[in-house]
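This report concerns a predicted model. It considers burial and exposure in selected helices.

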Amino acid sequence: MDITLSYVLALFTLLTIASSAFFLAKKVRLPYTVLLVAIGVILVPLAQFFPFIKEFTLTPNLLFYVFLPILLFESAYNMEFRKIMENVRSISALAFISLLFSAFFIAGAMYLVFNFFGFPIPFIVALLFASLISSTDPVAVLALFKEYGAPKRLALIFEGESIFNDATAVALFLVVLEIAQSGFHGAASVVHGIFIFIMMLTFGLVFGTFMGWVFSKFIQYTRDNEFVSITLTLVVSHLTFILSELISEHLILFGQEVKLSPIIATTAAALVLGNYGRYKISIRAEEYVEKVWGQFAFIANSLVFILMGLIFISVPIAFTDLIWPIIASVIIVAVGRALSIYPIVGFVNWRKKEAHIPMSWQHLLAWGSLRGALAIMVGLLIPDSLSIPGWTHALSPKEFILAVTIGCIYATIFLKATTIGLFIKKLKISDLTDIEKIEREESMAMINSRVLGRLADFYTKGYIDKHSYEIIKVDYEKGLEQFLSHRQEHHRTKTTHHERVLRMYALGIEKHFLKELFLYNEISEHIFKKILKKLTLQREQLEKGTLSFDPYAHDPSGFIERTSDYTMKVLRGNRDQQVEEINDAYLYYRALAIILRKVIKELEQVTVNYPIGIFEADSLDRTIKLYGDLRVHAQKRMEEIHKTNPNVIGELNTRLTLNATYKVTEIVLNDLYKKEMLSQKVYINLKDELLK
């Protein structure tokens, strides 16, 4: 397709409309994605007056090779692999077992119901439709679910299922389509289909992991350049997807075509990059990467949903002739989803290998199974000339499948998507926990206290008059009074909760200064990850209600990280390896000593910054004492390592001192440049000299 002026005009017109719809959705209280589909439908008659709008269309190639890699990568990049492994049984059960059960139930039910009511369809046609409609489309689910508040674990299960069962569904669809085209040959076709299905998922996982690891190494060499880092992440998302397709089309080993799932491959690459490669990007550049990918996802989602409305109306099918088959399909699909959720999740709960999934979550999993553009795009892959033995209707199998698919998508978008928010509230899934309530109360108290302090400062300096000062401060004073009164009422029952919130606040301070150490190369990537995982583990234990836990415990490294570390040890040799281990041990405890001291300093300042006593005095004292003990332990370990290895640590301290001087120099230089005391030429000249 040629890129014409009308094509470009249509693209930016749609983006303008989508951006406006974002604010309109809040006013009319509709999910943003639902409103976009509705606007897409409205644009169809308007296109008669503005014909250029039809120039930009949602083709299978545009969705598969441009939009889908973006949406898959953005979501998987931000998923924590350890969390996936903690919920791997539930995610796997939903993504594979649940989907296969749903697909074959829908196919069987459609075959029986449609034949019973005089609209006979071959089973292979029903299975083609069932395979593409059974997955929760990530383009729809991930976009919509982010608009509602939900527990982290529920969101993770939803996202994990939607990503992986999409790959399962597409793989199943392609296998069924191949059987439909070549004919069914009994057990041989079944065995061949299972073999291809497993090959696509397995090889896709292996290839995606490899691509993620390779590009993690590339990004390591672009550490301080956010533009190159972003470009490489964009390249790996699309290159992994496209190469998977090319390998599937052209690679033959031992007379057998090698098939890969591009969706699984892209997801695996994103997981590796997000959990392993992310730490090879500088902290400063990582902020850019996350923001830019959020922007990519917003643009992709906006265009996909608004174009869905256009494509539904433009499909040349007489839907009025298929009203009852569409309604029957919608009901069967809904029943199939429910039957694939409750028994399978119930079995996972019964095994007790993972945290229990509440019934309220199961209701939302059953109801919140949205379908979107991917289902219709997969349907468009069916050849127009596909001929199925036993098909006797005027419209082709492809037209029939597209019709019932569009009907199901409309039902999920305009019925389910608009009621997900109500379901979440009715099931009390979005209700704040006791810990979250305290976090909210104390955050509001800190805001009110800080605002009152600034207001008094403004009044003292004459920035505002007495009348304005007296009027404005009343509301903030009331907020503080309510906080203190409420805390006094629940002092006895909520003391433990308050201390947990304070400890989480302290962990946040630790994480902030840990990132700062990593930013200025005072600790290695290995040490940064080791301490960061320890802090993450401690926060999770606090969220679960545990105050007493091992503060020295840390999360073990992942498989890719262990493999990479082992490779580097082999390359370094024995002597270098020993020196490196000594340095790592010293830097580890040095980093702990620094960030623990920072926490103590911040906590001691709390009573100065917030004299009204937002944090309970006893909890504050216990937390400061805990961090003081931990700091003493870290300093003792540093001294022991230094005493045992004086020469090695002496050289290390010299390097650390040079790093510290460079850190100060860089801060001063950047400050001078921001205040325009240096020209850009002088700034670049000085920075180059300092880097040398």
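## Helix burial and a surface patch

The buried residues of helix H6 are covered by elements that include H5, helix H8 (152-182), H13, helix H15 (373-380) and H16. Helix H6 itself spans residues 123-133 and is mostly covered, with 9 of its 11 residues buried. The buried residues are Val 125, Ala 126, Leu 127, Leu 128, Phe 129, Ala 130, Ser 131, Leu 132 and Ile 133.

Two of the covering helices, H5 and H16, hold the residues tabulated below.

| Residue | Helix | Relative accessible area | State |
|---|---|---|---|
| Phe 101 | H5 (residues 88-116) | 40% | partly exposed |
| Lys 398 | H16 (residues 397-426) | 11% | buried |

Phe 101 belongs to a nonpolar surface patch, together with Ile 323, Ile 327, Ile 331, Val 335 and Leu 339; the accessible area of the patch is about 520 Å². Because patch residues need over 30% relative accessible area, Phe 101, at 40%, meets that cut-off. The most residues in the patch, 5, come from helix H13 (residues 323-351). In an α-helix there are 3.6 residues a turn, so residues three or four places apart point the same way.

Lys 398 counts as buried because its relative accessible area is 11%, and the cut-off for burial is under 20%. The side chain of Lys 398 makes a polar contact of 2.8 Å with that of Asp 384. Apart from neighbours within four places in sequence, Lys 398 is in contact with Gly 379, Leu 380, Ile 382, Pro 383 and Asp 384.

Notes
Residues numbered from 1 in each chain as written. Predicted model: local features only at pLDDT ≥ 70, side-chain atom pairs only at ≥ 80, totals over all residues. Heavy atoms only, no water. Patch = residues over 30% accessible without salt bridge, like charges linked within 9 Å, V, L, I, M, F, W, Y side chains within 5 Å. Areas by Shrake-Rupley, 256 points an atom, 1.4 Å probe, with all protein chains shown as cover. Salt bridge = Lys/Arg side-chain N within 4 Å of Asp/Glu carboxyl O. Helix = DSSP H or I, 4+ residues; strand = E, 2+ residues; numbered from the N terminus. Buried < 20%, exposed > 50% of the residue type's maximum accessible area, 1.4 Å probe, protein only. Polar contact = N/O pair within 3.5 Å; in protein donor to acceptor, adjacent residues only side chain to side chain. Contact = heavy atoms within 4.5 Å.
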